[in-house]
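Please take a moment with the sequence and the structure shown here, and then follow the text from a single residue outwards to the whole chain.

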Amino acid sequence: MTREDIMDMATQVGLVGKPTYIEGLEAFAKLLAQHEREKCIDLLMSLHKAQSNNGNHNYYHFAANAIKELRS
């Protein structure tokens with residue numbers, strides 16, 4: 001994630017330019033965590049597909065689904 005990505009997310013939640021920013025900081029942290037979870041899910045699903053091609057059973061799909069459960 002680039003600095004520009006971080007600043008864009010901070011702006012989305014109202015953190016930039018806000019005198020009292022606790023609420024914005026909490027919302028920013030949630031958005032950042034969501035972004036990182038999505039990246040992990042994408043990585044695990046690509047590993048799952050790569051391993052599935054050779055006929056081996058793998059647990060990448062199960063791990064991706066477990067991370068998806070954190071979204072709720």
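In this predicted model, a convenient place to begin is Tyr-59, a residue that is exposed, with a relative accessible area of 58%. Since the line for calling a residue exposed is drawn at over 50%, the value of 58% places Tyr-59 in that class. As for its place along the chain, Tyr-59 is found in the loop that lies between H2 and helix H3, the latter made up of residues 60–69. Although Tyr-59 and His-48 are 11 residues apart in sequence, their C-alpha atoms are 7.4 Å apart in space.

Which aromatic residue pairs with Tyr-59? The structure holds 1 aromatic pair, and it is formed by the rings of Tyr-59 and Phe-62, whose centres are 5.6 Å apart and whose planes meet at 35°, so the pair is tilted. The reasoning rests on two cut-offs, because planes under 30 degrees apart would count as stacked and planes over 60 as edge-to-face, with the rest called tilted. The two partners fall into separate accessibility classes, for Tyr-59 is exposed at 58%, whereas Phe-62 is partly exposed, with a relative accessible area of 49%.

From the aromatic rings we can turn to the charged side chains. The structure holds 1 salt bridge, in which the side chains of Glu-36 and Lys-39 meet at 3.9 Å, taken from N to O. Where do Glu-36 and Lys-39 sit relative to one another in helix H2? They are 3 residues apart in this helix, which covers residues 22–52, and so about one helical turn separates them. Glu-36 counts as partly exposed, at 34% relative accessibility, and Lys-39 is likewise partly exposed, with a relative accessible area of 40%.

With these details in place, the chain as a whole can be described. Its secondary structure comes to 3 helices and 0 strands, and the elements, read from the N terminus on, run α-α-α. Of the 72 residues of the chain, 14% count as buried, and the chain exposes about 5,400 Å², of which carbon and sulfur atoms supply 58%. Finally, if one considers the contacts in the chain with a separation of 6 or more, residues 24 or more positions apart account for 27% of them.

Technical notes
Residues are numbered from 1 along each chain as its sequence is written. This is a predicted model: local features need pLDDT of at least 70, side-chain atom pairs count only at pLDDT 80 or more; totals for chains, interfaces and linings use all residues. Side-chain values use heavy atoms; hydrogens and water are left out. Rings of Phe, Tyr and Trp (its six-membered ring) pair if their centres lie within 6.5 Å; planes under 30 degrees apart count as stacked, over 60 as edge-to-face and the rest as tilted. Buried means under 20% relative accessible area, exposed over 50%, partly exposed in between (1.4 Å probe, protein chains only). A salt bridge is a side-chain nitrogen of Lys or Arg within 4 Å of a carboxyl oxygen of Asp or Glu. Helices (H or I, at least four residues) and strands (E, at least two) are DSSP runs, numbered from the N terminus. Contact means heavy atoms within 4.5 Å. Accessible areas come from the Shrake-Rupley method with a 1.4 Å probe; for residues, only the protein chains shown count as cover.
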